[in-house]
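Open the model in your viewer and keep the sequence panel beside it. The stops below say what to select and what is there.

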Amino acid sequence: MRSFKLLAAAAMALLTAACGKNTTIVGTLHEGADKEVIVKLLDVNRFQVLDTVKTKADGSFQYKLDIAKGKPEFIYLFYGDRQIASLLLEKGDRVKVETDTLGVYGVEGSEESLKLQQVEKDYSAFMREMQGILDRNYDVDAALSRCYINYYRDRVKYVVGNSHSLTVVPVLFQQVNPGFLVFGQSTDGLLMNNICDSLKTKYPESRYVKALEKEAARRISLLDVENKVRNAPQIGYVDISLPSTDGKNVKLSESLGKVTMLYFWSSTAEQKMFNLDGVLPLYEEFHKKGFEIYAVSLDSDKAAWAAAVRNQNLPWINVCDTRGAMSPYVSSYGIGSLPMVWFIVNGELDSNANVRKASDIRGYLKKKL
């Protein structure tokens, strides 16, 4: 009798576990007989491998997973290192996915997954357009600005119009490059906060909503610091001491010219182009008049930064803070995105001189020097 009860209990446990897998992915990997499909969950900012599924002779596969009510999950399918499908799944969803090894896919049975697919298509089209502008090598700055502004406005419209859909979360974290977020301004924290309030009414326990709430709070804090700096008529500056390419610390306070540009950047392709096309000509034109640059790289990869400085022969003061976004100077100077520029004139931070474009910097220097 005892063994019978144990068997019954075990059977019940298995049945309960099977019933717990409440969400199903039914897929077909075209030209993918006897291949492996890797199922990953997005754990806020990193992928967590859930399982590897073997396809049948006809390329079909099936995977079941447990998703808690009110906590949709971003699930991604990979073939090797290539992402071949993106899904946003809720409890009870039964989705059909047809894809190939290149990642051209279609999905049925999940409205949120369809929205996510369109979000990724729009982002890919934007990135292709940006790359096309860079490749043509003329009128680059103006064309890049127009392309970015148009996309930004379109994404604001999407986010506001879908404020109760979790698909807005990846939109709000999209990047043009590692140092340049689409929603990179500190003022975007206000939009994030409003969207977060809407999402919390529907998904109060979602890990993605909590991550967005944390980022919104960080941005709003930066905005507060930035406003305090800008609203002060003339204030002292926060001194900086960081290692240069020779490993020796260089202080900002000991590096001042008549006008000093405090320049925060990172060694991405776009910002390296800005160094040569925007900043270097200004340095060569105004340095003899008392213009100095104290450039702070927020690269976590010190070797990449040093290589960029060396290969571009950057003649100004170059230091690096490998703490990146965790640097205390990010908060001190209200840095929401890169590049960012402040000016120190005659030893005082000019709170009205936070500019980004080379043409604006030139105009400012002509007035001050």
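In which loop is the place of D34? Select D34, and you are in the loop between β1 and β2. Before moving on, note that this is a predicted model, in which local features need pLDDT of at least 70 and side-chain atom pairs count only at pLDDT 80 or more, while totals for chains, interfaces and linings use all residues. Residues are numbered from 1 along each chain as its sequence is written, and side-chain values use heavy atoms, with hydrogens and water left out.

**Whole chain**

Colour by secondary structure: the chain has 10 helices and 17 strands. These are DSSP runs numbered from the N terminus, helices being H or I with at least four residues and strands E with at least two. Of the 369 residues in the chain, 46% are buried. Buried means under 20% relative accessible area, exposed over 50%, and partly exposed in between, with a 1.4 Å probe and protein chains only. The accessible surface of the chain is about 18,700 Å², and carbon and sulfur atoms account for 52% of that. Such areas come from the Shrake-Rupley method with a 1.4 Å probe, and for residues only the protein chains shown count as cover. Take the contacts between residues at least 6 apart in sequence: 62% of them join residues at least 24 apart. A contact here means heavy atoms within 4.5 Å.

**Strand β1 and the loop after it**

Stay with D34, which has a positive phi of about 55 degrees although it is not a glycine. Now select E31, which lies in the loop between β1 and β2 (36–42). E31 is also not a glycine and has a positive phi of about 55 degrees. Most residues other than glycine have a negative phi. E31 is exposed, at 81% relative accessibility.

Step back along the chain to V26, in strand β1 (residues 23–29). V26 is partly exposed, with 26% relative accessibility. Show its contacts: apart from neighbours within four places in sequence, V26 touches F61, Q62, R94, V95, K96 and V97. For a distance label, pick V26 and Q62, whose C-alpha atoms are 4.6 Å apart although their positions lie 36 residues apart in sequence.

**Helices α2 and α3**

Select residues 111–136 and 140–161, which are helix α2 and helix α3. Their axes are 9 Å apart and the packing angle is about 170 degrees. Axes are lines fitted to C-alpha atoms, for helices over the stretch in contact, and angles run from 0 to 180 degrees between N-to-C directions. The two helices are therefore roughly antiparallel, a label for angles over 145 degrees. The residues of this contact divide into 13 nonpolar, no polar and five charged. Nonpolar covers Ala, Val, Leu, Ile, Met, Phe, Trp, Tyr, Cys and Pro; charged covers Asp, Glu, Lys and Arg; the others, Gly among them, are polar. To see the contact, show side chains including V119, Y123 and F126 in α2, and Y148, Y151 and R155 in α3.

Which residues does Q174 contact, leaving aside its neighbours within four places in sequence? They are V119, Y123, Y151, R155, L181 and V182. Q174 sits in the loop between α4 (168–172) and β9 (175–177), and it is buried at 7% relative accessibility.

**Aromatic pairs**

Show the Phe, Tyr and Trp rings, the six-membered ring for Trp: they pair if their centres lie within 6.5 Å, and planes under 30 degrees apart are stacked, over 60 edge-to-face and the rest tilted. The count is 13 aromatic pairs. Y152 and F183 have ring centres 5.1 Å apart and planes at 45 degrees, so this pair is tilted. Y152 is in helix α3 and F183 in the loop between β10 (180–181) and α5 (188–202), so the pair ties together parts 31 residues apart in sequence. Y152 is partly exposed at 24%, whereas F183 is buried at 0%. Next, select Y263 and F274, whose centres are 6.3 Å apart with planes at 65 degrees, so the pair is edge-to-face. Y263 lies in strand β13 (residues 259–265) and F274 in helix α7 (residues 269–286); both are buried. Return to Y152 and F183 and add Y148 and F180: the four form one aromatic cluster.

**Last stop**

Select G334, in the loop between α9 (328–332) and β16 (340–345). G334 is buried, at 0% relative accessibility. Its C-alpha atom is separated by 9.0 Å from that of R219, 115 residues away along the chain.

How values were computed. Parallel < 35°, antiparallel > 145°, perpendicular 65-115°, else oblique.
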